[in-house]
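Work through the exercises below with the sequence and the structure at hand. Try each task before reading its solution.

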Amino acid sequence: MPDFVDEAVLHIKAGDGGHGCASVHREKFKPLGGPDGGNGGKGGDVVLQVDRNTATLLEYRRRPHRRAHNGTAGRGANRSGGDGDDIVLPVPEGTVVLDAAGEVIADLVGHGTRMVIARGGNGGLGNAALASPNRKAPGFALKGEAGEALDLRLEIKTIADVGLVGFPSAGKSSLIAALSAARPKIADYPFTTLVPNLGVVEAGTTQFVVADVPGLIPGASEGKGLGLAFLRHVERCSMLVHVLDCATPEPGRDPVSDLDALEGELSAYGEATGVDLSDRPRIAVLNKVDVPDGRELADMVAPMLRERGLRVIEVSAAAHEGLRELSFAMAEQVEAARAARPEPEPSRIVLRPRQKGETPFEIVPLGDNTFRVRGTKPTRWVRQTDFANEEAVGYLSDRLNRLGIEDALAAAGATEGAEVYIGDEEDSVVFDWDPSIQAGETPIGPRGTDSRLG
């Protein structure tokens with residue numbers, strides 16, 4: 001059985017787009033038949049997909065770096081490059097995806113649910129696609145765009161209706177085994193259960209999933225025992241069941257003090273994570289009443305727990321006593337929680353058109369005749385440009401001018417020779433601003449991919 005890992009850091013990179021090709025059609029009696037360079041292929045996406053057959057993130061702990069395939073470059077004779085293959089990463093149901101800053105990107109629930117987490121770069125245009133009435137034979141092509149790169153953290157939050165919470169060796173695993181077909185490891189020493197166990201329980205016509213949380217002890221919120229590492233698995237539960245040991249040999253322990261300790265750790269978890277579990281319905285299960293002293297203790301503390309508003313059920317997982325009452329009590333709460341859930345709304349595609357007059361870029365003065373241009377389009381265009389080709393640089397200048405950047409720089413006080421940064425601080429290109437650059441015509445090399453474009 002594979003090791004259970006419910007957290008993993010993942011470094012992903014989508015495929016880069018293939019470069020466009022600068023080529024001229026040549027054949028007998030047609031030495032200059034026009035541009036015929038094909039477009040580069042699109043880079044592959046990185047996709048996360050919920051798979052019911054995947055139960056752990058162990059594979060991503062072992063191999064945290066994943067990369068999709070790059071698109072291939074275009075070629076002469078109008079041959080486009082091939083698209084890079086996507087990479088599909090299976091994840092367990094209930095996986096939460098967070099970015100490097102800890103912000104939730106996605107909460108993946110439902111077998112087959114897919115999410116493109118990193119998009120591949122678009123392929124660069126070949127010179128055939130760049131031809132126009134004013135530029136009939138462009139001697140350059142555009143580079144492919146880089147694919148997105150992300151650092152992610154994956155966390156599993158088990159999908160279960162009922163969460164069993166209790167001290168080590170309180171009998172949670174035994175209850176799971178007695179109520180369902182699950183067969184967790186059971187032994188008479190603390191921390192036998194090191195991973196959450198799931199079992200499917202049927203009570204009448206109601207079917208629900210029960211999960212046990214590995215032994216919770218006082219001080220878990222401070223790192224003792226297994227800490228709070230597995231309490232995230234009860235966040236989605238409709239109700240909590242406190243499994244209280246009526247036959248513990250440890251001095252100073254009894255079901256009432258155990259209950260107080262468990263509630264204290266649940267409160268500490270809520271304070272640490274902001275997840276409030278206080279509103280979840282509770283049932284107190286007094287386990288091991290098949291032991292003579294256990295039944296006597298259960299009869300003694302049951303009235304105290306009922307005074308706290310708890311429903312109390314005396315059971316014996318070993319003797320299968322009280323299990324029918326317990327399963328129907330849990331089913332009743334699960335049905336009530338399901339009935340109270342709002343109807344899921346259908347997914348909608350939201351289109352947000354740019355407001356009238358909104359500019360697709362921003363000019364930021366940095367002082368001393370220095371400026372920064374921010375915007376998706378100008379940044380992307382710069383990355384697609386082959387700066388070893390003067391005609392390509394002139395084409396970039398034309399595009400930026402049509403976008404209105406030159407007028408905006410002039411309005412911001414830029415003068416000839418100004419230092420202009422395009423892009424973010426971490427990845428920008430520097431220009432000495434010369435508003436007179438225009439796209440020109442340069443000789444076109446032999447048919448095939450321009451080696452300068454990679």
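The exercises concern a predicted model, and each task is followed by a worked solution.

**Exercise 1. A helix and its surroundings**

Task: Find which residues of helix H3 are buried, and which elements cover them.

Solution.
Step 1. Helix H3 spans residues 172–179. A residue counts as buried when its relative accessible area is under 20%.
Step 2. By that cut-off, the buried residues of H3 are Lys172, Ser173, Leu175, Ile176, Ala177, Ala178 and Leu179.
Step 3. Because seven of its eight residues are buried, H3 is largely enclosed by the rest of the structure.
Step 4. The cover over these buried residues includes the strands S9 (162–166), S10 (197–203), S11 (206–212), S12 (239–245) and S13 (282–287), together with helix H6 (323–340).

**Exercise 2. Two helices that cross**

Task: Describe how H3 and H6 pack, and what kinds of residues make the contact.

Solution.
Step 1. Two packed helices are described by the angle between their axes and the distance between the axes.
Step 2. For H3 and H6 the angle is about 90°, and the axes are 11 Å apart.
Step 3. Angles of 65 to 115 degrees count as roughly perpendicular, and H3 and H6 are therefore roughly perpendicular to each other.
Step 4. H3 contributes Leu175, Ala178 and Leu179 to the contact, and H6 contributes Leu323, Leu326, Ser327 and Met330.
Step 5. Sorted by kind, the residues of this contact are six nonpolar, one polar and no charged.

**Exercise 3. The sheet of six strands**

Task: Give the strand order of the open six-stranded sheet, name its edge strands, and say which strands H6 lies across.

Solution.
Step 1. The order is S10-S11-S9-S12-S13-S14, and the pairing is mixed.
Step 2. S10 and strand S14 (311–314) each have a single partner strand and stand at the edges, so one side of each is left without a neighbour in the sheet.
Step 3. On average, neighbouring strands of this sheet are turned by 25° against each other, with direction ignored.
Step 4. At one end of the order, S13 and S14 run parallel and are joined by four bridges. Here Leu286 stands opposite Glu314 in S14.
Step 5. Helix H4 (residues 255–273) packs on the sheet, where it touches S9, S12 and S13; the direction of H4 makes about 140° with that of S12.
Step 6. H6 lies across S9, S10, S11, S12, S13 and S14, and runs at about 105° to S11.

**Exercise 4. One residue of strand S13**

Task: Decide whether Asn287 is buried or exposed, and list what it touches.

Solution.
Step 1. Asn287 is placed in strand S13.
Step 2. Its relative accessible area is 2%, so Asn287 is buried.
Step 3. Leaving out residues up to four places away in sequence, Asn287 touches Ala170, Gly171, Val243, Leu244, Asp245, Cys246, Val315, Ser316 and Ala317.

**Exercise 5. The sheet of five strands**

Task: Give the order of the open five-stranded sheet, and say how S5 and S6 pair.

Solution.
Step 1. The order is S3-S1-S8-S5-S6, with mixed pairing.
Step 2. The edges are strand S3 (65–67) and strand S6 (104–108); each has a single partner strand, so one side of each is left without a neighbour in the sheet.
Step 3. Neighbouring strands in this sheet are turned by 25° against each other on average, direction ignored.
Step 4. Strand S5 (residues 95–98) pairs with S6 in the antiparallel sense over four bridges. The bridge partner of Leu98 in S6 is Val104.

**Exercise 6. A second helix pair**

Task: Describe the packing of H7 and H8.

Solution.
Step 1. Helix H7 (residues 376–383) and helix H8 (residues 390–403) pack at about 175°, with their axes 10 Å apart.
Step 2. Angles over 145 degrees count as roughly antiparallel, which makes H7 roughly antiparallel to H8.
Step 3. Lys377, Pro378, Trp381 and Val382 of H7 meet Leu396, Arg399, Leu400 and Leu403 of H8.
Step 4. The residues of the contact are six nonpolar, no polar and two charged.

**Exercise 7. Cysteines**

Task: State how many disulfides the structure has, and whether Cys21 is buried or exposed.

Solution.
Step 1. A search of the whole structure finds zero disulfides.
Step 2. Cys21 has a relative accessible area of 0% and is buried. Cys237, at 3% relative accessibility, also counts as buried.

Technical notes: Residues are numbered from 1 along each chain as its sequence is written. This is a predicted model: local features need pLDDT of at least 70, side-chain atom pairs count only at pLDDT 80 or more; totals for chains, interfaces and linings use all residues. Side-chain values use heavy atoms; hydrogens and water are left out. Buried means under 20% relative accessible area, exposed over 50%, partly exposed in between (1.4 Å probe, protein chains only). Contact means heavy atoms within 4.5 Å. Two strands pair if DSSP finds at least two bridges between them. Axes are lines fitted to C-alpha atoms, for helices over the stretch in contact, and angles run from 0 to 180 degrees between N-to-C directions. A disulfide is a pair of cysteine sulfur atoms within 2.5 Å. Angles under 35 degrees count as roughly parallel, over 145 as roughly antiparallel, 65 to 115 as roughly perpendicular and the rest as oblique. Ala, Val, Leu, Ile, Met, Phe, Trp, Tyr, Cys and Pro count as nonpolar, Asp, Glu, Lys and Arg as charged, and the others, Gly among them, as polar.
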